[in-house]
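Got the model open in your viewer? Let's take a short walk through it, one selection at a time.

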Amino acid sequence: MALHNQWKGLARQRNTDFLCDGCETSLLPVKHTFIVGGANSTREPRYWDTYYIVLGLLKSGLNGTARGMLQNLLDLVGIYGFVPTGGRIYFTDRSEPPLLALMVKNYYEATLDLDFVARALPMLKAEHKYWDTYRSINVTYTRSGNSSLSRRQSDLFQTVTSKTTLFGPSLFQTAVQTASDESSDSEGFLRPESYSTDYSTFKTQFAAANLFSTAIPTDNLYAATEAGTAPSVQYASVQTAMAGPSLFSTSLRRRDVTMPDSNPFAAFTKNELSILGSININSTIATNLNSIMYQVEVTIANFISLLNNKTDTAECTSYRQRASERRQTLLDLSYNPSTGLFSDFHLTSGQQTDVWSVNSLWPYWAFGDSLPAESAQKAIDSISKLHKRFSGGLPNTLYNTTLNWDYPKIQPPLQHMVVQSVLGLQQNTGLTKRSLAATNGFAVSLVQNSIDAAFCNWYTTGGDVPGVLNQYEGATGGSTGMNF
């Protein structure tokens, strides 16, 4: 009970009573109580954070609070057409991974509140329409029947056009001039809440010989914030991320996903890496985003069927077809049959990225149950190798670049995704009992190690629960407990 009571310290409400006449607040008009991600770090709701907060609220039996937080997000979709990154007016020009439909799904599974699903469904469709309209493009390529889940001889090779979803703004083209150099006509999307930091990032140049600007290409900065895992080398190339004039002439090369024995970035200092200058997020088919969109489309289809006495209407079938086509496109462009793993796909080079990210495990959460047994087994073998190497948790990338979303940093949201991906693979009926046992052991180990690490970090920095757990005598930093 003491642990459940900790929610009270994180609960907030929008209060405008303190404002003078005619004054405004940057906080968006949310009507219901919301939980912030940290008592001292944020003062407004954040989109991606809310997914994990709602999971915790449901586990604590605080269904009403969870419902209120979901209603806040649904209301924002009604106002803006999508869920902004955060609950401030300066977040309303971008979003984050669209997890709202999955949140409503989790809420329904915990409460069986079908009335709420009925009220939420129009807004879930509206958010999907936003991503489908303003964050999606048509990609034409040659499809091989060998990559299809349902092979037919006539389909061995065919040209197809498929719609895929990308991170990055195309609706809001309010680029801000970054003209510290009057001769420069470059533009970038600078976030109001961190304008100075973004300005420096966008226009920084180093004095050392043969080094060039680490400027993020136009509008990739907002794309990076939508992706949720930035800054990171995830959307760069090992070859193109190195400092030097050869960056612009070095193309991506396709290769098998491997776990490097050495760090290719080790020879360079932090100021000599040009990682941020080599990313091109909004020309990248991100496997995690398209896997999420697949889950959104399946969830909306299931809700439509549920509200129609479990009957698949024409609208329901349309969403299922979109999901099926999206899954096939990921198998065509992002799947590596030699490893059983997926990778992001760069549209500019027509190649899979050679910097693998743990985010690429998301497809197994989305549709691991429908993969061929051989593919599922290869995925399990590859994930097992990763787990043996990183038993304390899987980093987003395998390279130590000093950036926040790269090795050795372990991010809790990604550990949750990995466990869900393993559970998705466990639903594959073609796997052997031995393989299933191995995946279950991996999932349990990852969860326990993540809990242990979080507790140790919190306890050794002064964390305590009054009346339950006294503060550690050797606590460092004079803090009241923190996680890092």
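Start by selecting Glu 297 and Arg 326 and showing their side chains: they form a salt bridge, with the closest N and O atoms 2.7 Å apart. Keep in mind as you look that this is a predicted model. Glu 297 sits in helix α7 (residues 287–307) and Arg 326 in helix α8, so this pair ties together parts that are 29 residues apart in sequence. Turn on a surface, and ask whether Glu 297 is buried or exposed. Glu 297 is buried, with a relative accessible area of 0%. Arg 326 counts as buried too, at 2% relative accessibility.

Next, stay on helix α8 (residues 314–333) and pick Arg 322. Which side chain does Arg 322 meet in a salt bridge? Add Asp 132 to the selection: the N to O distance here is 2.9 Å. Asp 132 belongs to helix α4 (residues 114–134), and the two partners are 190 residues apart, so to speak a link between distant parts of the chain. Asp 132 counts as buried, at 12% relative accessibility, while Arg 322 is partly exposed at 25% relative accessible area.

Now for a contrast in setting, jump to helix α10 (residues 373–389) and select Glu 374 and Lys 378. Their side chains meet in a salt bridge at 3.8 Å, N to O. The two are four residues apart in that helix, which means about one helical turn separates them. Glu 374 is exposed, with a relative accessible area of 56%, and Lys 378 is partly exposed at 28%.

Zoom back out and select Asp 132, Lys 163, Glu 297, Arg 322 and Arg 326 together: salt bridges that share partners join these residues into one network. Across the structure there are 14 salt bridges.

Last stop: empty space. Searching the whole structure turns up three cavities of 30 Å³ or more. Go to the second largest cavity, which holds about 60 Å³ of space. To find it, select some of the lining residues, among them Val 30, Tyr 47, Leu 73, Leu 76 and Val 83. Which helix gives the most to this lining? Color helix α2 (residues 63–80), which contributes three residues. Then color the lining of the second largest cavity by class, and you'll get seven nonpolar, four polar and one charged residues. Arg 46 is on the lining list as well, and so are Gly 86 and Gly 87.

Note on methods: Residues are numbered from 1 along each chain as its sequence is written. This is a predicted model: local features need pLDDT of at least 70, side-chain atom pairs count only at pLDDT 80 or more; totals for chains, interfaces and linings use all residues. Side-chain values use heavy atoms; hydrogens and water are left out. On a 1 Å grid over the protein atoms alone, a cavity is a set of points where a 1.4 Å probe fits but cannot get out, and a pocket is an open set with protein on both sides within 12 Å along at least five of seven lines; lining residues have an atom within 4 Å of a point. Grid points are joined across faces, edges and corners, and a volume is the space filled by probe spheres set on the points. Ala, Val, Leu, Ile, Met, Phe, Trp, Tyr, Cys and Pro count as nonpolar, Asp, Glu, Lys and Arg as charged, and the others, Gly among them, as polar. A salt bridge is a side-chain nitrogen of Lys or Arg within 4 Å of a carboxyl oxygen of Asp or Glu. Buried means under 20% relative accessible area, exposed over 50%, partly exposed in between (1.4 Å probe, protein chains only).
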